[in-house]
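Colleague: Could you walk me through one part of this model in some detail? I'd like to settle on a single chain and follow it out to its partners.

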2 protein chains.
Amino acid sequence: MTTPEGPARGVTAESGGRRRPPTAQQFVLGELRRAITTGRLRPGDPIRQEALAEELDVSRVPLREALKTLQGEGLVTYQAHRGYFVERLSLDDLREVYLIREILEAEAVRRAAGRFTDEALREAERAQAEVEEAAAAGDVLAMAAANRRFHMTIFEASGLPRMVRMIRTLWDSTDAYRSVYYGEPANRERVIEEHRAALDLLRRRDAEGTVRALAAHRAHAVTAIEGVLPDAP
Amino acid sequence: MTTPEGPARGVTAESGGRRRPPTAQQFVLGELRRAITTGRLRPGDPIRQEALAEELDVSRVPLREALKTLQGEGLVTYQAHRGYFVERLSLDDLREVYLIREILEAEAVRRAAGRFTDEALREAERAQAEVEEAAAAGDVLAMAAANRRFHMTIFEASGLPRMVRMIRTLWDSTDAYRSVYYGEPANRERVIEEHRAALDLLRRRDAEGTVRALAAHRAHAVTAIEGVLPDAP
DNA sequence: CCAATGTATTTTGGATCCAATATTGAATGT
DNA sequence: ACATTCAATATTGGATCCAAAATACATTGG
């Protein structure tokens, strides 16, 4: 039934040589995020604490604290005495997340554009360079990460830290689906073009233009994702 | 030391006759929320787990899980190996929370108004009756609770559960300040009037009117709270 | 055969104990 | 007197163990 294999393969294995966080709960948190976004833990799956803890080579205590964090972010649900389950995102849920993003990000971008510093601009350009590099190399994961940095750099310029935190959480909750989007070469091309356009508008401090550009950018992503979602609910 | 006593009593005492939740972490979560919103735990305070756990007559394990939840909601902050601290809301933070609420609630109300059922209307009217009762009795805590039910009933009619969850979290994070608002009799009167106006508009399914009315309602609260905040940061 | 009931097993919830880290305070040297 | 180092203490982080609840399973009666 369960992996006849003993200690640590599956989830643990692919840590790619990153430095391990200072506490086990933070380490587990990262591993869980990856497990969920890469689909290793699938939507609807119950999370068996004992097995997972053993696999990650920690006790259940830090695992449970990490799960509480994920619960707060909406990546897992919790029922008392029954445990945690990987959240199942319906099409409606996905649309709702994007609706909320639409609303919050519009405001964040609007504010950011008005007060965009040269430093922030350079930071965004650097992120964009990484996006293009990763795209050229066909590295989907790296591209998703760089793409995130690109957008977050812009949001952070809004000077609204709580808003940024909420947006980040919303991104987290749909990570799994977004990576699908980057799988398509055509989408990768489009992302690059749209980012360049947004950067141009930011250089001119054109707030409304940037808002519109990024809204369109987002809309493209969501329609593309909606298309493939029924296959992997 | 620890309970030679069997099933849990202890500091539970002051729960005003509410039914105790099925798990200790949920119980602790409620107690912590109250402690923070009533000012028993003050902004900036470090949270000493051992002492608090003993006071609540639980071990540190469920306490820490509850703290993780609060961290996700932004009511406490966390530093590895240093522990949890009650979040300190600056004036800017407060304004940001209200800005985000403004944006999200406008959308929620807009959608809710269009699809407001008679059942939802009755529910809102019931909540409003409780608000008026509590106001008449001068029971600030009960009024805050009923007020919350009134607004949440409306938000929930939007059919956007995630959005409602986020709004609820935003309310949580400023509970402490809002109760101050209800302390003033004049404010209590105004709240009642404004709620009645909103209900009228809802009965006519006037979406934009309701949005405007509730936006004004919110604006009154925030300016009033801003006025008193410097005293209790 | 099916439903209901009681029992065994699994799984989560929580308490206690120990380890790791941070903080405090005293002693020491300059 | 001041800064620095090192020991003592307090506090958090985590592992293990036990209790409580839920689930799975078998048994019995209809």
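Colleague: Let's take chain A: how many helices and strands does its secondary structure come to?

Modeller: Eleven helices and three strands for chain A, where helices (H or I, at least four residues) and strands (E, at least two) are DSSP runs numbered from the N terminus. Before going on, some housekeeping: this is a predicted model, with local features needing pLDDT of at least 70, side-chain atom pairs counting only at pLDDT 80 or more, and totals for chains, interfaces and linings using all residues. Residues are numbered from 1 along each chain as its sequence is written, while chains are lettered from A and ligands numbered from 1 in the order in which they are written.

Along the sequence, chain A reads α-α-β-α-α-β-β-α-α-α-α-α-α-α. Of its 233 residues, 33% are buried (20 or more other C-beta atoms within 10 Å of a residue's own, with C-beta atoms placed from the backbone). Take contacts (C-beta atoms, placed from the backbone, within 7 Å) between residues at least 6 apart in sequence: 71% of those in chain A join residues at least 24 apart.

On confidence, the mean pLDDT (the predictor's confidence in each residue, from 0 to 100) of chain A is 88, and 90% of its residues reach 70 or more. Watch the start, though: pLDDT stays under 50 over residues 1-17 of chain A, for which the model has 16 contacts beyond four places in sequence. Helix α1 (residues 10-13) has the lowest mean among the chain A elements, 37, and strand β1 (residues 46-47) the highest, 98.

Now for the DNA. DNA strand D is surrounded by 18 residues (near means a C-beta atom, placed from the backbone, within 6 Å of the strand), and the closest are A:Thr23, A:Ala24, A:Ser59, A:His81 and B:Gly83. Two or more residues each come from α2 (24-37) and α4 (60-73) of chain A and from α2 (49-56) of chain B. The largest share, three residues, belongs to α4(A).

Finally, the partner chain. The contact takes 23 residues from chain A and 23 residues from chain B; on the chain B side, α3 (60-73), α4 (91-114) and α7 (161-173) each give two or more. Chain B superposes on chain A (least squares on C-alpha atoms of residues with pLDDT of at least 70 in both) by a rotation of 180 degrees with 0.0 Å of shift along its axis, RMSD 0.1 Å. The two copies are thus related as by a two-fold rotation axis. And 100% of the interface residues of chain B are also interface residues in chain A, so the copies meet through the same surface.

Notes:
Two residues are in contact if their C-beta atoms, placed from the backbone, lie within 7 Å. A residue is buried if 20 or more other C-beta atoms lie within 10 Å of its own, exposed if 12 or fewer, and partly exposed in between; C-beta atoms are placed from the backbone.
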